[in-house]
Amino acid sequence: MSSRIVVAVDGSDSAHRAVEWCARIAPVLDAEVVAVHAIEEPAYPLPAMAYVAVPPLTEEARDEIRRTLEEEWCKPLADAGARYRSLLVDGPPASTIIHVADEEEADLVVTGRRGRGGFTELLLGSTSHQLAHHVGRPLVI
């Protein structure tokens, strides 16, 4: 019986280390890796408590992200010969990763300590912090 690992990827150094770790551990566990990149469309606050949403990504932009996900961010998995799939999913990172982990019945969720955004002085990024508190599966940070 093989297992399944969901790994969060966003192009950060921390996510790259998480993918490299999965590339080493997945073959040992006979696990399939599901690499997930969440696309959260930002909204910018305006005076008077209003928000303006940014226009959705074009198909060309999504294709470029998908290419980067496959060719760059998942490269350690391909180089290691690990079984993997990549998913590009719309939504906030933490809730998207939790949803995918539940849908995939993941045995393990892996994320980097810090992502691309936020405050660099924080020990954990907001996504890893939220996952630590809300994912109902084993988690490696």
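**Helix α1 and its surroundings**

Trainee: Where in α1 does a kink of about 25° lie?

Mentor: The bend at a residue is the angle between axes fitted to the seven residues ending there and the seven starting there. In α1, the proline P27 follows shortly after a kink of about 25°. The place of that kink is A23.

Trainee: On what kind of model does this rest, and how many helices and strands are in the protein?

Mentor: This is a predicted model, in which local features need pLDDT of at least 70 and side-chain atom pairs count only at pLDDT 80 or more, while totals for chains, interfaces and linings use all residues. Residues are numbered from 1 along each chain as its sequence is written, and side-chain values use heavy atoms, leaving out hydrogens and water. Helices (H or I, at least four residues) and strands (E, at least two) are DSSP runs, numbered from the N terminus. The protein has 5 helices and 7 strands.

Trainee: How far apart are the end C-alpha atoms of helix α1?

Mentor: The expected span of a helix is 1.5 Å times one less than its number of residues. Helix α1 holds 17 residues (13–29), so it should span 24 Å. The distance between its end C-alpha atoms agrees with this: 24 Å.

Trainee: Which residues of α1 are buried?

Mentor: Buried means under 20% relative accessible area, exposed over 50%, and partly exposed in between, with a 1.4 Å probe and protein chains only. The cover over the buried residues of α1 includes β1 (3–8), β2 (31–39), α2 (59–73), α3 (75–80) and β6 (108–110). The buried residues are S14, A15, A18, V19, C22, A23 and A26.

Trainee: Which strands are at the edges of the open sheet of 5 strands?

Mentor: Two strands pair if DSSP finds at least two bridges between them. The sheet has the order β5-β2-β1-β6-β7, with parallel pairing. Each edge strand pairs on one side only, and these strands are β5 (84–90) and β7 (139–140).

Trainee: Which residue of β5 is the bridge partner of H37?

Mentor: Strands β2 and β5 run parallel and are joined by 7 bridges. The partner of H37 in β5 is L88.

Trainee: Which side chain does a polar contact of 3.0 Å join to that of R62?

Mentor: R62, in helix α2, is buried, with a relative accessible area of 12%. Its contacts (heavy atoms within 4.5 Å), not counting residues up to four places away in sequence, are I39, L57, L88 and D90. A polar contact is a pair of N or O atoms within 3.5 Å; within protein, one must be able to donate a hydrogen and the other to accept it, and residues adjacent in sequence count only if both atoms are side-chain atoms. At 3.0 Å, the side chain joined to R62 is that of D90.
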